[in-house]
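Let's take a friendly walk through this model, from the contact between chains down to a single residue. Have the structure open as you read.

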Amino acid sequence: MLTLLLSLLSGSGGDALALERALAVVDAADVCADVAFLASDELEGRDTPSQGLRLAARYLRARVERLGFRPSGDQGFFDLYPLERGGLDPARTRAWILADGKERALVLGRDYAFFGGGEHRLEGPVVFVGQGRAEELAGLDLAGKWVLLLDGGGGRGRGREAWEERRQRDERLRAAGALGTLSASEATGPEAEERDGRLARMSGFMTRGSLRTPGRAEEPRGPEFPGLSLSTTVSQELLRTKPKPGTELGLRLGEERAQRPKETLELENVAALWPGSDPVLGREVIVLSAHYDHEGVIDGEIYNGADDNGSGTSTLLAVADALAQLGPLRRSVLLLWVSGEEKGLLGSEAWTRAPTLPEGHRAVCDINIDMVGRNAPDKLLITPSKDLAEYNGLTRLAERLAPLEGFPALGSADEYWERSDHMNFAVHLKIPVAFLFSDVHEDYHRPSDDAEKIDCDKIRRVARLVLRLLDGLQEDTLAL
Amino acid sequence: MRTLSLLLALLAAPGVPRSGDAVPLERALATLSADEIRADLYFFADAEMGGRDTPSKEQRVAARFLRARLEQMGFPPGGRDGYFHEYHRYQRRIDPERTRLRLQEPAEPAESEDPPLLEPPPPRVLAEFAYGTDYFFPSSDDLVALDQTGELVWCGGGAKADLARPEVAGRIVVCRATGSSSRQRARYAREGGARGLILLPDLGGEEDPAAEECRRTTAYALRGLLMGPPDEDEVFPQAFLTLAAARRFAAATGLGDPAPAAGTLLRGELADVRVGSGPLALENVCALWPGSDPELAREVVIVSAHYDHVGWQGGKLHPGADDNGSGSMGLLALAEALVEYGPLRRSVLLMWVSGEEKGLWGSAAWTQDPTLPEGHRAVCNLNIDMIGRNAPDYLLITPTRALAKEYNGLTRLAEELAPLEGFPRLGSADEYWERSDHMNFAKHLGIPVAFLFSDVHADYHKPTDTVEKIDCDKIRRVTRLVLRMLDRLQADELAL
């Protein structure tokens with residue numbers, strides 16, 4: 001009875017019935033259970049690298065192993081890849097003020113902060129130069145001295161022009177032999193709080209360390225010209241005597257910094273293969289990717305990343321459940337959960353440079369899913385849209401099928417074209433890619449990106465759309 | 001289309017009896033798969049799970065893993081509010097890394113009224129003493145969270161009159177641990193308004209009573225004691241220094257020989273920092289499979305397994321794959337089989353308890369605060385712990401006939417059904433009668449219990465209790481045996 005009804009409705013044979021049965025397996029409560037686990041506080045925001053990330057990887061492994069997926073990493077389900085960690089060594093980074101024969105330590109993040117690398121130990125007197133305009137600098141002996149500037153000196157704002165102005169100012173100061181700049185602020189009230197908060201975030205960013213793919217040349221940069229931002233409290237202390245521009249303050253300032261020794265870490269992508277049934281087409285692999293890492297714990301706050309990207313991670317799990325019900329397609333499907341996305345798409349870069357597919361298999365396209373669990377139920381974006389030269393058959397197919405799952409029209413995510421892992425598939429494997437995304441929101445990259453805000457039914461429908469896409473990608477010749 | 005999907009979902013949903021199927025038991029038995037149990041166990045006993053110590057973050061991860069799996073199989077919650085039964089313990093414990101007595105220069109008086117623009121430098125440390133080597137606590141009441149700093153006043157032998165001196169108020173008293181009884185001394189010091197008491201041995205003598213005490217009492221302070229929270233008004237911190245530490249202390253504080261008069265202030269101030277004690281919130285995981293019979297459904301058969309293990313010990317990870325990853329994953333497999341089976345006449349409560357390794361805490365907490373729905377009552381408990389090692393046909397049970405008083409229908413049933421699952425006869429686990437969670441069900445609920453166990457082995461409570469040694473097919477067969485028992489516990493009258 002049921003079978004008959006389904007056949008009538010779909011108007012086709014057994015395949016359509018099988019698809020309907022598989023679609024019906026996708027369940028919002030199941031999705032919620034996965035999201036709740038991945039975004040629980042105990043996983044501590046799945047930073048790359050972290051125990052929470054490794055636990056998430058093992059959870060994914062347990063889920064797909066039970067469903068009968070084939071391991072497709074270099075170590076079972078795990079694709080191991082190396083990353084190099086560098087960055088500032090907080091234990092050997094400090095600053096101090098010498099006044100009246102007494103040394104007082106400045107605390108990084110509270111009293112001062114900076115962007116930039118290098119290793120040095122500098123100490124010298126401090127000259128106040130006001131805004132640091134050319135006329136304020138004229139005739140001053142700056143050799144071996146710190147140059148104290150008021151905030152925004154030499155060009156306010158974040159624009160390219162202001163940045164260029166500051167760069168030129170720094171060049172002049174460096175040429176004059178200055179040790180570096182000290183930016184002071186006369187801000188008070190909420191503005192001061194805002195500024196001091198920025199200092200804490202700056203130093204947090206600098207001391208967390210940076211990750212990069214080993215062997216990749218470091219970005220070329222000239223010799224470091226230190227620029228320290230001082231907290232409003234320290235600024236007040238230094239400017240207490242209301243010095244005139246050009247005056248030397250009666251104290252010395254020292255600053256020392258060091259980089260931590262380079263360390264190589266091993267990270268994990270999780271790769272699970274659903275082998276195709278066709279002896280020839282089975283070698284063509286459709287990749288579904290989603291990053292499973294997030295931001296971790298910053299300043300004691302857990303960034304749970306329920307939407308970013310617990311949602312995409314769970315979408316792939318829901319697709320896995322449906323595929324287990326559906327059985328093999330003609331082509332193979334690889335579920336690939338990558339890490340290191342938040343650190344610069346590092347996991348997908350590693351995988352696309354050395355794909356872990358069985359002998360004779362090759363990736364033919366990638367559908368990437370990142371943040372699909374928030375905003376209006378019918379809102380879903382895709383890139384490449386028609387507006388990009390990269391527009392391809394994946395987008396066309398998605399546009400055709402999306403209305404079946406309650407997304408009447410796909411919007412454009414073209415401004416995110418370079419922002420998630422699909423990019424690495426396009427660049428390194430030169431295959432068609434598409435990116436499904438339902439946009440940022442007020443909790444984006446905040447500790448409040450929590451599981452209870454996720455629209456699990458939306459994820460369910462995205463998973464169903466992906467399953468329909470897979471089903472639509474089974475013709476003899478893929479025209480993408 | 002949506003209606004259709006819904007219809008399909010309903011058919012696939014748990015708890016809906018499948019009409020026309022005569023053998024739900026056989027079908028449910030057939031769903032149990034050693035490979036699936038293995039996949040779960042590889043997660044549960046992975047090194048990243050840190051040995052699931054009570055308490056630990058990893059144990060909470062384990063609980064959330066169980067919850068996610070139960071939710072996905074559509075197995076309803078059985079806690080008071082969702083799947084977790086939360087219970088509390090106050091732990092008195094000392095973290096030796098962070099617990100210190102630190103003698104330091106007093107803070108410099110502020111130069112002006114204005115708040116300092118730069119943080120003052122940390123106070124100079126004159127001497128530092130480590131818990132467990134330099135001093136110990138005379139009473140378990142001293143195992144509290146504390147961070148206090150105070151000036152020091154010398155009070156000689158701690159006579160009542162000396163402790164009543166005005167200098168005592170608001171200061172930490174230093175005195176010889178001789179003379180008046182320790183309880184009296186503490187009482188007088190408190191009455192005098194002292195903030196704490198530092199006890200020294202006789203500096204001129206050879207006796208070092210604290211040294212031996214340090215060794216003896218440190219062990220339990222590190223392990224942790226559960227004693228309920230301290231009464232804030234009753235906290236009066238004391239510490240007893242060893243002879244060597246006391247000599248350093250005397251030198252640093254300027255306590256000379258002969259000792260000064262009682263009431264003399266000593267040099268420096270003392271920071272007494274005690275870290276490690278505090279309240280604990282712990283979790284059992286409960287899932288209730290409601291029965292179909294309007295009357296019998298109020299009778300609840302409980303199947304339990306502890307999901308905690310011992311974590312890190314001696315710097316080594318103890319993964320606890322058999323103890324009790326095996327029973328925990330068996331219970332999870334049982335949940336799946338029940339979903340396939342559909343409802344039994346009676347209800348079944350699956351319970352994963354924590355704190356077993358610490359002294360059966362989780363089962364003690366639940367049996368004294370059961371989370372069953374209104375009108376329901378527990379009728380028996382079957383507990384499984386360590387069922388994944390030793391010979392494939394080897395399985396023990398307690399109570400056996402030899403424990404005549406406890407021997408019951410559960411054991412008889414298990415003995416009857418075990419051969420069907422490759423256990424020709426059940427051996428005796430009577431020597432473990434008091435060793436796992438079933439004990440609490442017998443003791444606090446007075447219901448018949450049985451314990452399935454396949455014995456200890458060379459890796460018992462060792463870092464080598466690892467997952468690749470586990471016989472997952474054995475877990476599967478024990479789980480099948482439990483399911484067969486549940487299937488048979490459906491008669492109108494239970495004769496246990």
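In this predicted model, 26 residues of chain A are in contact with 22 residues of chain B. On the chain A side, at least two residues each are supplied by α2 (14–25), α3 (28–38), α4 (51–67) and α8 (232–238). Of the elements on that side, α4(A) gives the most, with 8 residues. If you sort the residues of chain A that touch chain B by class, you find 11 nonpolar, 4 polar and 11 charged.

There is also a contact to look at inside chain A. The chain is divided into domain 1 (10–85 + 263–472) and domain 2 (90–257). Taken over C-alpha atoms, the centres of these two domains of chain A are separated by 43 Å. Their contact takes 13 residues from domain 1 of chain A and 7 residues from domain 2 of chain A. On the domain 1 side, β2 (78–86) and α10 (346–353) of chain A each supply at least two residues, and the largest share, 4 residues, comes from β2(A). By class, this side of domain 1 has 5 nonpolar, 3 polar and 5 charged residues.

Here are the two surfaces of chain A, set out by class:

| Side | Nonpolar | Polar | Charged |
|---|---|---|---|
| Chain A, touching chain B | 11 residues | 4 residues | 11 residues |
| Domain 1 of chain A, touching domain 2 of chain A | 5 residues | 3 residues | 5 residues |

Now for a closer look at one glycine. A:Gly312 sits in helix α9 (residues 306–326) of chain A. Is A:Gly312 buried or exposed? A:Gly312 is buried, because 29 other C-beta atoms lie within 10 Å, and 20 or more are enough for a residue to count as buried. Once its neighbours within four places in sequence are left aside, A:Gly312 is in contact with A:Ala290, A:Ile369, A:Asp370, A:Met371 and A:Val372. Another pairing to find on your screen is A:Gly312 with A:Gly373: they are 61 residues apart along the chain, and 8.0 Å separate their C-alpha atoms.

Stepping back to the whole of chain A, you can count 13 helices and 20 strands. The C-alpha trace of chain A spans about 95 × 40 × 40 Å along its principal axes. Chain A has 480 residues, of which 46% count as buried. Among contacts in chain A between residues at least 6 apart in sequence, 82% join residues at least 24 apart.

Conventions: Residues are numbered from 1 along each chain as its sequence is written. Chains are lettered from A and ligands numbered from 1 in the order in which they are written. This is a predicted model: local features need pLDDT of at least 70, side-chain atom pairs count only at pLDDT 80 or more; totals for chains, interfaces and linings use all residues. Two residues are in contact if their C-beta atoms, placed from the backbone, lie within 7 Å. Ala, Val, Leu, Ile, Met, Phe, Trp, Tyr, Cys and Pro count as nonpolar, Asp, Glu, Lys and Arg as charged, and the others, Gly among them, as polar. Domain bounds come from an automatic or database domain assignment. A residue is buried if 20 or more other C-beta atoms lie within 10 Å of its own, exposed if 12 or fewer, and partly exposed in between; C-beta atoms are placed from the backbone.
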